[in-house]
Amino acid sequence: MPSKNFSDDLSGQSPFKAETYQTSGEMTEPDVQIVTSGGPRIPAHASILASASPVLESIIDRPRKHQSSEKTIPILGVPCDAVAVFVGFLYSSNCTDEEMEKYGIHLLALSHVFLVPQLKQRCTKGLAERLTIENVVDVLQLARLCDAPDLHLKCMKLLSNKIKAVQKTEGWKFLQDHDPWLELEILQFIDEIESRNKRRRRRREEQNLYLQLSEAMECLEHICTEGCTVVGPYDMEPTKNRGPCSKFSTCQGVQLSIRHFATCTKKVNGGCKWCKRMWQLLRLHSSICDQPDICRVPLCRQFKLKVQQKKGDDARWKLLVRKVVSAKAMSSLSLPKRKREEEANETTNHHGIRSFRL
Ligand SMILES: [Zn+2]
Ligand SMILES: [Zn+2]
Ligand SMILES: [Zn+2]
């Protein structure tokens, strides 16, 4: 096929302006032809191509059979217009959003094959911005082939969020027929994300439970020390009169439990569930309390003595105690700074005990 003029082939779509390309003030003629699918040729400058892509450089430097013959570089398998945009990028390090929209997939493949990292980066970003339920499977496959981990991850995330919708697309049906391994990989990824979320949820729920217990401990202690409107007071000092408890619902629950515990006729041995719960709370307090001699929480000393006689609590109970203590520590760490300082002052006023006001 005779070499045609570039502007004949791709009128109005010139990837670069050859006439503006100058070396040391002088215009140079294109010295290489890029052969594209369907025949059209794109004239270009070997030096520009070689400096932009090491792969093109090695093709250009390859010895030819006939020294006199014209240098040609075949870039086949992608639309000719996409090749034109690619060559344009090699000249200008730039392409328009419109070009990215139209040829992003081809440009990513070209940038990978010809080792043009700048363009690859641009495509990875451009394609990630244009991901849709319709194209995500295709882009995922391409991201795998072109070794684009960021884009791959973006695709996987979209897939895991919208799998129901994606499964209705043509792309997915094609994948099921032609690449069952990739289908498996995607489903496994989704499964992992789900179980990770489940684990996280369970951990959060657990942490909440320990935090509630830790709050209950605090309330139990201040109810028994300072009294409250319903239970006690033991020895309310007017100077210690503080505002209402910030953990109102927990506090109310503990107060009701204390009241019940004092008046129940069934008691723990009679199998009362509420009494049993209160009993556990009192035991938990005793395990945490480090001032049993002056402590006013019921049964605190008795539990301590019992533990000493039995030579230690069982391991599961110890674990529970540790988790409640650390839940308290965690929650005070996540408080805003000012609040934390207030709490610190407050606790140092109370005999310098950090964790619980006893
Ligand atoms: Zn309270
Ligand atoms: Zn009871
Ligand atoms: Zn105590």
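Which residue in S4 is the bridge partner of Gln-33? Keep that in mind as you browse these close-ups of a predicted model; the second legend has the reply.

**View 1. The whole protein chain sets the scene with 16 helices and five strands.** Of its 358 residues, 28% count as buried. Take the contacts between residues at least 6 apart in sequence: 60% of them join residues at least 24 apart. The views that follow zoom in on a sheet, a bent helix and two helix crossings.

**View 2. Three strands form an open sheet in the order S4-S3-S5.** The pairing is mixed, and the edge strands, S4 (41–44) and S5 (72–75), each pair on one side only. From one strand to the next, the twist averages 25°. S3 (residues 32–36) pairs with S5 in the parallel sense over four bridges, while S3 and S4 pair in the antiparallel sense, also over four bridges. Here is the reply to the opening question: in S4, Gln-33 has Pro-43 as its bridge partner. Looking toward S5, you will find Thr-72 opposite Gln-33 and Ile-75 opposite Thr-36.

**View 3. Strand S3 shows two faces and leads into a hairpin.** Which residues lie on the covered face of S3, and which on the uncovered one? Val-32, Ile-34 and Thr-36 make up the covered face, and Gln-33 and Val-35 the uncovered one. In a regular strand, side chains alternate between the two faces of the sheet, and the listing for S3 follows along nicely. S3 and S4 form a hairpin with four residues between them. If you are checking backbone torsions, stop at Gly-38 in the turn, where phi is positive at about 90°.

**View 4. Helix H5 (residues 97–113) bends by about 85° at Tyr-103.** Tyr-103 is also one of the buried residues of H5. The others on that list are Glu-99, Met-100, Gly-104, Ile-105, Leu-107, Leu-108, Ala-109, Leu-110 and Ser-111. Which helices do the buried residues of H5 pack against? They pack against H4 (80–92), H6 (117–129) and H7 (136–145). After H5 comes Leu-115, another residue to look up in a torsion plot: its phi is positive, near 55°.

**View 5. Helix H8 (residues 149–161) packs against helix H11 (residues 180–226) at an angle of about 75°.** Their axes are 10 Å apart. The angle makes H8 roughly perpendicular to H11. From H8, the contact is made by Met-156, Leu-159 and Ser-160; from H11, by Ile-186, Phe-189, Ile-190 and Ile-193. By residue class, this contact divides into six nonpolar, one polar and no charged. A general point may help when reading such lists: an α-helix has 3.6 residues a turn, so residues three or four places apart point the same way.

**View 6. Helix H11 meets helix H15 (residues 315–333), their axes crossing at roughly 90°.** The two axes come within 8 Å. H11 is therefore roughly perpendicular to H15. On the H11 side you can pick out Gln-207, Tyr-210, Leu-211, Leu-213, Ser-214 and Met-217. They meet Lys-323, Val-324, Ala-327, Lys-328 and Ser-331 in H15. How do the residues of the contact of H11 with H15 divide into nonpolar, polar and charged? Six are nonpolar, three polar and two charged.

Key:
Residues are numbered from 1 along each chain as its sequence is written. Chains are lettered from A and ligands numbered from 1 in the order in which they are written. This is a predicted model: local features need pLDDT of at least 70, side-chain atom pairs count only at pLDDT 80 or more; totals for chains, interfaces and linings use all residues. Two strands pair if DSSP finds at least two bridges between them. Axes are lines fitted to C-alpha atoms, for helices over the stretch in contact, and angles run from 0 to 180 degrees between N-to-C directions. A residue is buried if 20 or more other C-beta atoms lie within 10 Å of its own, exposed if 12 or fewer, and partly exposed in between; C-beta atoms are placed from the backbone. Two residues are in contact if their C-beta atoms, placed from the backbone, lie within 7 Å. Angles under 35 degrees count as roughly parallel, over 145 as roughly antiparallel, 65 to 115 as roughly perpendicular and the rest as oblique. Ala, Val, Leu, Ile, Met, Phe, Trp, Tyr, Cys and Pro count as nonpolar, Asp, Glu, Lys and Arg as charged, and the others, Gly among them, as polar. The bend at a residue is the angle between axes fitted to the seven residues ending there and the seven starting there.
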